[in-house]
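Q: Could you take me through this model feature by feature, giving the general idea before each case?

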Amino acid sequence: MLPQPRTPAMVVLLLALAGCTASPDATPDRTRAARPAPPGGGLTLTGELKSPVDAILRWKGDEPGAAGRVLEFATEPTGPYTVLEFLAPGRTEYEHPDLMPHTPFFYRLRPYSGPASAPVEVTLPPGEPTAEDQEDDHTWTAPRTVDGPPADTHPVVDAPAGGETSAGGSTQPADAAAPGDLRATVMHAAGIGFTWTDHAEDEDGFLLETRPSGSETYRPVAVLDPDINSFGLITLPDEKTASYRVRAFVYGEQSNIVHLETGAGGR
């Protein structure tokens, strides 16, 4: 059966679920090189209740070399934390609506850094998937690691050993760790299979990013575990023609934790 196309809510859920599995605390499949975390740059997070059950989070701070930030929440101060959204560098505000009444919420923000692959352009056939497509089991969409020829691997950020940062006092994405040979295979009118070569040795995960035709910026559409090099995407209507790329990333230092307590459910 054809998986349902992603709605914005489903994208958030996909990111949340995948973000949980891509936790840097998870046991990696192989031994990874020790590395200092990219600097958080003094990220400062603040929050307030817009209504008894709607929260507004705002932040400021600079993280040299960061590709974006990830906002997470929990209902206990020590977690587990769930991804709300991977945010573009220009974003400074997020609304978390319709929260559970009379519940504590804890928020934190982390930068992420890492190099992206060369993009690939994909144009899907017009119309909807056929009846035969609908009956397909879509096992090709599952994230997996496909064996291939040995590949050179490199740290995701350029951070010399010993905890010293690179010239200029910052860590920067190491281009050599960017995913290589990204390939997109059109599976049907709303499905694309992606494969790539993993050149990262210490990634916390991969982001699949899309830039639909007419858009100026890429947006994350899936968060994948370390070592994954194959994934299938069910597209949205605005992705009939789009550019895609894959980013290897590591998390940086987290911000302060914001604690909010919701009130009654009525407005």
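The dialogue below moves from confidence to strands, aromatic rings and backbone geometry.

Q: What is the mean pLDDT of the protein chain, and over which residues does pLDDT stay under 50?
A: This is a predicted model, in which local features need pLDDT of at least 70 and side-chain atom pairs count only at pLDDT 80 or more, while totals for chains, interfaces and linings use all residues. Residues are numbered from 1 along each chain as its sequence is written, and side-chain values use heavy atoms, with hydrogens and water left out. The term pLDDT is the predictor's confidence in each residue, from 0 to 100. Its mean for the protein chain is 83, and 78% of the residues reach 70 or more. Over residues 7-31 pLDDT stays under 50, and the model has 39 contacts beyond four places in sequence for them, a contact being heavy atoms within 4.5 Å. Residues 161-170 also have pLDDT under 50 throughout, with 10 contacts beyond four places in sequence.

Q: What is the strand order of the open sheet of 3 strands, and which strands stand at its edges?
A: Helices (H or I, at least four residues) and strands (E, at least two) are DSSP runs, numbered from the N terminus, and two strands pair if DSSP finds at least two bridges between them. Here the order is β1-β2-β5, with antiparallel pairing. The edges are taken by β1 (44-51) and β5 (93-96), each of which has a single partner strand, so one side of each is left without a neighbour in the sheet. From one strand to the next the twist averages 20 degrees, where axes are lines fitted to C-alpha atoms, for helices over the stretch in contact, and angles run from 0 to 180 degrees between N-to-C directions. Between β1 and β2 (residues 54-60), which run antiparallel, there are 7 bridges, and S51 stands opposite D54 in β2.

Q: How many of the residues of strand β13 are buried, and which strands pair with β13?
A: Buried means under 20% relative accessible area and exposed over 50%, with partly exposed in between (1.4 Å probe, protein chains only). In β13 (residues 241-251), 10 of the 11 residues are buried, and the strand is mostly covered. Its antiparallel pairing with β6 (residues 104-113) extends over 2 bridges, and there Y112 stands opposite Y251. Strand β7 (residues 120-123) is joined to β13 by 4 bridges, again antiparallel, with E121 opposite S243. Strand β10 (residues 205-212) runs antiparallel to β13 and is joined to it by 8 bridges, with G205 facing F249.

Q: How many aromatic pairs does the structure hold, and how is such a pair described?
A: A pair of aromatic rings is described by the distance of the centres and the angle of the planes. Rings of Phe, Tyr and Trp (its six-membered ring) pair if their centres lie within 6.5 Å, and planes under 30 degrees apart count as stacked, over 60 as edge-to-face and the rest as tilted. The structure holds 8 aromatic pairs. One of them joins F73 and F105, whose ring centres are 6.1 Å apart and whose planes stand at 35 degrees, so the pair is tilted. Because F73 lies in strand β3 (residues 68-74) and F105 in strand β6, this pair ties together parts that are 32 residues apart in sequence. Both F73 and F105 are buried. The pair of F86 and F249 is edge-to-face, at 6.0 Å centre to centre and 75 degrees between the planes, and links F86 in strand β4 (residues 82-87) with F249 in β13, 163 residues apart. F86 is buried because its relative accessible area is 3%, and F249 counts as buried at 0%. Together F86, Y112, F249 and Y251 form one aromatic cluster.

Q: Over which rings do the charged ends of R110 and R245 sit?
A: A charge sits over a ring if NZ of Lys or CZ of Arg is within 6 Å of the ring centre and within 35 degrees of the ring normal. The charged end of R110 sits over the ring of Y251, 3.9 Å from its centre, and that of R245 over the ring of Y218, at 3.8 Å.

Q: Which peptide bond is cis, and is D98 buried or exposed?
A: Most residues other than glycine have a negative phi, and most peptide bonds are trans. The bond from G79 to P80 is cis, with omega near 10 degrees, and P80 is found in the loop between β3 and β4. In the loop between β5 and β6, D98 has a positive phi near 55 degrees, and D98 counts as exposed because its relative accessibility is 57%. The phi of H138 is likewise positive, near 55 degrees, but H138, in the loop between α2 and β8, is buried, with a relative accessible area of 3%.
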